[in-house]
Amino acid sequence: MSLTLAPNISDPDDFYAELIGGQRELSEDEALRMNARLVLLLANHIGDRAILSEAIRLARSPGG
């Protein structure tokens with residue numbers, strides 16, 4: 001299995017709005033912690049270390 005890079009979220013604009021809304025009224029530090037918890041929750045859901053390593057590598061590169 002490889003990392004899915006093609007658009008795969010139904011209603012991506014709604015998801016983005018929900019993500020941003022989830023940070024509303026949070027301090028910058030609280031928003032960063034929320035994002036870190038979200039990443040860990042989703043990483044646990046994915047579970048595949050090779051996929052997670054590929055995602056880290058891609059996220060680190062400019063233009064990801």
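## Salt bridge

The count of salt bridges comes to one in this predicted model. The pair consists of Arg-33 and Asp-29, whose closest N and O atoms are 2.4 Å apart. Both residues belong to helix α2, where they stand four residues apart and are therefore separated by about one helical turn.

Asp-29 has a relative accessibility of 40% and counts as partly exposed, because that value falls between the 20% limit for buried residues and the 50% limit for exposed ones.

## Helix α1 and the segment before it

Helix α1 covers residues 12-23, and Asp-13 is placed in it. The helix has twelve residues and reaches 17 Å from its first C-alpha to its last, close to the 16 Å expected at 1.5 Å a residue. Phe-15 also lies in helix α1. With 37% relative accessibility, Phe-15 counts as partly exposed, whereas Asp-13 is exposed, its relative accessible area being 64%.

Asp-11 is found in the segment before α1. Although Asp-11 is not a glycine, its phi is positive, at about 50 degrees. Asp-11 is exposed, with a relative accessible area of 53%.

## Negative surface patch

Asp-11, Asp-13, Asp-14 and Glu-18 form a negative surface patch. Two of its members have been described above: Asp-11, in the segment before α1, and Asp-13, in helix α1. Residues enter a patch with over 30% relative accessible area and no salt bridge; Asp-13 has a relative accessible area of 64%, and Asp-11 has one of 53%.

## Loop between α1 and α2

The loop between α1 and α2 contains Glu-25. This residue comes just after α1 and takes a positive phi of about 70 degrees, a positive value in a residue other than glycine. Glu-25 is exposed, with a relative accessible area of 79%, and so lies over the 50% cut-off for that class.

## Helix α2 and the residue that follows

Helix α2 comprises 19 residues, numbered 28-46. At 1.5 Å a residue, the helix should span 27 Å, and its end C-alpha atoms are 27 Å apart, so the two values agree. The expected span is obtained because the rise of 1.5 Å is multiplied by one less than the number of residues.

Gly-47 follows α2 and has a positive phi, near 75 degrees.

## Helix α3 and separations across the chain

Helix α3 consists of residues 49-60, and Glu-54 has its place there. At 23% relative accessibility, Glu-54 counts as partly exposed. This residue is 26 residues from Glu-28 in sequence, and the distance between the two in space is 28 Å, C-alpha to C-alpha.

A second pair is formed by Phe-15 and Leu-52, which are 37 residues apart along the chain and have their C-alpha atoms separated by 21 Å. Phe-15 is the partly exposed residue of helix α1 described earlier, at 37% relative accessibility.

Technical notes. Residues are numbered from 1 along each chain as its sequence is written. This is a predicted model: local features need pLDDT of at least 70, side-chain atom pairs count only at pLDDT 80 or more; totals for chains, interfaces and linings use all residues. Side-chain values use heavy atoms; hydrogens and water are left out. Patches are made of residues with over 30% relative accessible area and no salt bridge: like charges are joined within 9 Å, nonpolar side chains (Val, Leu, Ile, Met, Phe, Trp, Tyr) within 5 Å. Accessible areas come from the Shrake-Rupley method with a 1.4 Å probe; for residues, only the protein chains shown count as cover. A salt bridge is a side-chain nitrogen of Lys or Arg within 4 Å of a carboxyl oxygen of Asp or Glu. Lys and Arg count as positive and Asp and Glu as negative; His and the chain ends are not counted. The place of a charge is taken as NZ of Lys, CZ of Arg, CG of Asp or CD of Glu. Buried means under 20% relative accessible area, exposed over 50%, partly exposed in between (1.4 Å probe, protein chains only).
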